[in-house]
Amino acid sequence: MPTFSSPLINWQREHGRNDLPWQGTDPYRVWLSEIMLQQTQVATVIPYYLRFVASFPDIEALANASEEEVLAHWSGLGYYARGRNLHRAARMIMELHGGQFPQQYEQILSLPGIGRSTAAAICALGFHEKRAILDGNVKRVLARYCGIVGHHSTKQVDEELWRQAELLLPDNDVAVYTQALMDMGAMLCTRCRPKCESCPVQEDCIAFQAGIVNELPTSKQRKIVPERSAIFLLAMSDGKILLEKRKSSGIWGGLWCLPQFDEEDDVQNWCALHGIEPDKLIRHPSELGESADSIAQCKALVSFAHIFTHFKLHITPLLLYLAHKPLHQAEHVWLSVDQALQAAIPTPVRQLLSRLANV
Ligand code: SF4
């Protein structure tokens, strides 16, 4: 009897997560959940998933939506390329597969935003096909269970992890086994303080038996996180705020953002370019003067930092009051703060606008 998969499957049936909203549904929902779960924990994903399927109940509805509608539903979940790729993939499925989610691994793998592990998870969970997955949690489980030393970003370690993932696959109950691996990574074999005492494969776990659980997986040499700074312009006119659409690629691609500048001189140049008198540019709450009747505006001027995967961004907000509304190109829009909060906006813009809204 397989010493890894059998106890894991039994454990999943008794202790695993068996009431997730996408379980036992259809390949579209399994696909959507797998994309949302990349880089994001289950508890965060569930409300986004439920809102998403309520608005886009099938592939056709998703394909017919605009990218902006899709990103508005993704707003706050981060890693927006996932939402854009999901949307592109839905349109490809309509075109190439008549709206039916493809069942073959190679066809699934060819869709945008789907890598080897995600395609395998969809095949295993959606179609009960024998396929090995290797997401971040599973890498940790296998590195410990198999005693694999070295960081998974090296080719040698990555290949060994995949080799073990294939070797340990059971012939039956692949869907339960796949869910068991995911549950084990999230519930037992966690990054900090793993619950080895409750683990069904403890007896054969090399890291546990050797007393090196805390040393595996091998950490990557810590790099110093670069820091950058930016100015976010809160250009207001007649109770409306200016949002600017980002180009479709890069960070926050396709999302509505506040005009962003590296330095204050750039703001002055921008004002000059658009014929705006920048004399009502407010940098600090004290400059709001006695006439300021809104503590929200003071709160909105407090600087803060946003952490990305590869850098930290220090954000300085500037308030600019305008008598008229310039800029009416397609990439600009003037919205009330409440309307702006409903749009496809990234998290730091949401934080700033929420401060403005919460008087
Ligand atoms: Fe992970 Fe501990 Fe189980 Fe080993 S015994 S697989 S380290 S939870």
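At 25% relative accessibility, R131 counts as partly exposed, and this arginine forms a salt bridge with E129 in which the closest N and O atoms are 2.9 Å apart. The structure is a predicted model, and its protein chain is divided into domain 1 (2–215) and domain 2 (227–357). The points below take up the salt bridges, then a buried arginine that has none, then the nonpolar cores, and finally the two domains.

**Salt bridges**

- The structure holds 9 salt bridges, and one of them is the pair formed by R131 and E129.
- E129, the acidic partner of R131, is likewise partly exposed, because its relative accessible area is 24% and the buried class is reserved for values under 20%.
- A salt bridge also joins the side chains of D171 and K130, with a distance of 2.6 Å from N to O. D171 lies in the loop between α10 (155–167) and α11, whereas K130 lies in the loop between α8 (116–127) and α9 (136–145), so this pair ties together parts of the chain that are 41 residues apart in sequence.
- The two partners of that bridge fall into separate accessibility classes, since D171 is exposed with a relative accessible area of 62%, while K130 counts as partly exposed at 42% relative accessibility.
- R163 forms a salt bridge with E160, the closest N and O atoms being 3.0 Å apart, and both residues lie in helix α10, where they are 3 residues apart, or about one turn of the helix.
- Within this helical pair, R163 is partly exposed with a relative accessible area of 45%, and E160 is also partly exposed, with a relative accessible area of 23%.

**A buried arginine without a salt bridge**

- R82, which is found in helix α6 (residues 81–97), is buried yet has no salt bridge.
- The nearest side chain of opposite charge to R82 is that of E34, 9.9 Å away; a salt bridge requires the nitrogen and the carboxyl oxygen to be within 4 Å, so E34 does not qualify as a partner for R82.
- The side chain of R82 instead reaches the backbone oxygen of M36 at 2.9 Å.
- When residues up to four places away in sequence are not counted, R82 touches I35, M36, Q38, Q39, T40, W74 and L77, so that M36 appears both among these contacts and as the residue whose backbone oxygen the arginine side chain reaches.

**Nonpolar cores**

- The largest nonpolar core has 103 residues, of which F4, W31, F52 and L353 touch the most other members. Helix α11 (residues 174–188) gives the most to this core, with 7 residues, and the core draws at least three residues from each of domain 1 and domain 2.
- W31, one of the four residues that touch the most other members of the largest core, has contacts with L62, L86, A89, A90, I93, F101, I114 and I122, again not counting residues up to four places away in sequence.
- A second, separate core has 13 residues, including A235, L242, L320 and W334.

**Domains**

- The centres of domain 1 and domain 2, taken over C-alpha atoms, are separated by 37 Å.
- Between the two domains, 9 residues of domain 1 are in contact with 16 residues of domain 2, and the largest nonpolar core likewise draws on both of them.

Conventions
Residues numbered from 1 in each chain as written. Predicted model: local features only at pLDDT ≥ 70, side-chain atom pairs only at ≥ 80, totals over all residues. Heavy atoms only, no water. Helix = DSSP H or I, 4+ residues; strand = E, 2+ residues; numbered from the N terminus. Buried < 20%, exposed > 50% of the residue type's maximum accessible area, 1.4 Å probe, protein only. Lys, Arg positive; Asp, Glu negative; His and termini not counted. Polar contact = N/O pair within 3.5 Å; in protein donor to acceptor, adjacent residues only side chain to side chain. Contact = heavy atoms within 4.5 Å. Core = buried A, V, L, I, M, F, W, Y, C linked by side-chain atoms within 4.5 Å. Domains from an automatic or database assignment.
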